[in-house]
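Please open the structure in the viewer and keep the selection tool at hand. The tour proceeds one selection at a time.

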Amino acid sequence: MEHLLIKGSNPLNGEVVISGAKNAVVAIIPAAILANDICIIDNLPRIEDVKCLEDSLTKLGAHCQLIDDRTLTIDSSTIKSYNATFDSVRKIRASYYLMGALLARFKRAEVALPGGCNFGTRPIDLHLKGFRALGAEIIEDYDAGIISLKADRLKGTNIFLDTVSVGATINIMLAATMAEGVTTIENAAKEPHIVDTANFLNMLGAKIKGAGTDVIRITGVEKLHGNEYMIIPDQIEAGTYMIATAACGGHVSVRNIIPKHMDSLSAKLREMGCTIEEGDDYIDVISDGRLSAIRVKTMAYPGFPTDLQPQMAAGLAKADGISILTETVWENRFQYIDQLKKFGCDINVDGRIATIRGVPQLNGAEVIATDLRAGAAMVIAGLAAAGTTKIGNIRFIDRGYEQIEYKLKALGADIKRVKN
Ligand code: EPZ
């Protein structure tokens, strides 16, 4: 058992280099199954979700090898099994991409129901609806916690997503890549990791057009081949450091990012009183730590990301005035607010709306990470608070943030990982 110990109130200054995007790499590793060949994946973030997926692919029979800290080779030609019902699959959410990938490659898949962060019901009905439309028969065994998929052939079709879903868009794209004919996904999600997954598949020989818009058109191909691919930078990790700088005050250059991906956050930080300076692959955040209250509503990309909502709540806790934070993507993503209140935050939640009355000071507290981004919010609150903060359950944070304490320490934070 480990925890993070933070002595707060230091301003943050310097440079932080952002790692490869978690939500892109967790789709791209399963997508490598389609290659039936060797893929080389660069800019790999060393986070627990990636290790979990490496483990799952290895158990399926792939040869996964780290060439160096940032580069993973996956030889998927040695995969003979379509049965992914082991524990590493149950640990994370993104293992649902094994359904689309194995179905595309073998026309069969048996996959354990995915785990991951718990913020209300997280259905996968749209994924399954898409697979069925492509011709798969599906048995959902919720007692055993296994989904079985089988198709004689997969045939392209038109699929309209009732709700904009990142996971369903990518999973259907995976399954359709080697289907016969043309598949159109309408009302598709447009997140940067969808574009990255489509770019990866296209590098392997797929024919996917329109990723990043709400209509994606996939012309099925018979087979793919291996290639080398560089994962995009992590929009949410970058945003976490940007909000931390805004809350603590200081001047941080957030490096190795795509500034366009940060537009919705940059606009909000400017509204809060920060100076944001953009370069080709970096953003400088300059803050005196005195922030103004704002209104924020989470939306699918290019709107404000739900995955930055908890960090923003922590960032607004000391802002001058009353902020309103509305969550529109997940039904129950305010579970962490009780933890945040331990710092002295004045927050009231009513359904999907949190009202945050800025307080002059936060005080260090003993808290836990209730999920990945909630954990990041606790780190931001601890950095901005006076006194000492102890954060437990940090395995959640390790799922998505590479070396968070080293990166923050280099910016001047007093933070360390302690074994109980
Ligand atoms: C992805 O989850 C991300 N995870 C999440 O990030 C992120 O919060 C979410 O997209 C929204 O941006 C990964 O990419 C691995 P959705 P996903 O399908 O794909 C409803 C993080 O912290 N829905 O876009 O599971 C659903 O209930 C994680 O990094 C259905 O109704 O999310 C939700 O309200 C947490 N039926 C909405 O759609 C379905 O079949 C969006 O969910 C699927 C989804």
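The stops below pass from the domains to their contact and then to the cores.

This is a predicted model, in which local features need pLDDT of at least 70, side-chain atom pairs count only at pLDDT 80 or more, and totals for chains, interfaces and linings use all residues. Residues are numbered from 1 along each chain as its sequence is written, and side-chain values use heavy atoms, with hydrogens and water left out.

Select 2-19 together with 233-419 for domain 1, then 22-230 for domain 2; such bounds come from an automatic or database domain assignment. The centres of the two domains, taken over C-alpha atoms, are 30 Å apart. Their contact (heavy atoms within 4.5 Å) takes 23 residues from domain 1 and 21 residues from domain 2.

Next, select Y301, R399 and E402 in domain 1: these residues lose the most area to domain 2, together 35% of what that side buries. Between them, the domains bury about 1900 Å², which is the accessible area (1.4 Å probe) lost on being put together, summed over both.

Keep E402 and add R70. They form a salt bridge, with the closest N and O atoms 2.4 Å apart; the term requires a side-chain nitrogen of Lys or Arg within 4 Å of a carboxyl oxygen of Asp or Glu. The count between the domains is two salt bridges.

Finally, select I29. Leaving aside neighbours within four places in sequence, I29 is in contact with residues including I41, L44 and L72.

Definitions and conventions:
Buried area is the accessible area (1.4 Å probe) that two parts lose on being put together, summed over both.
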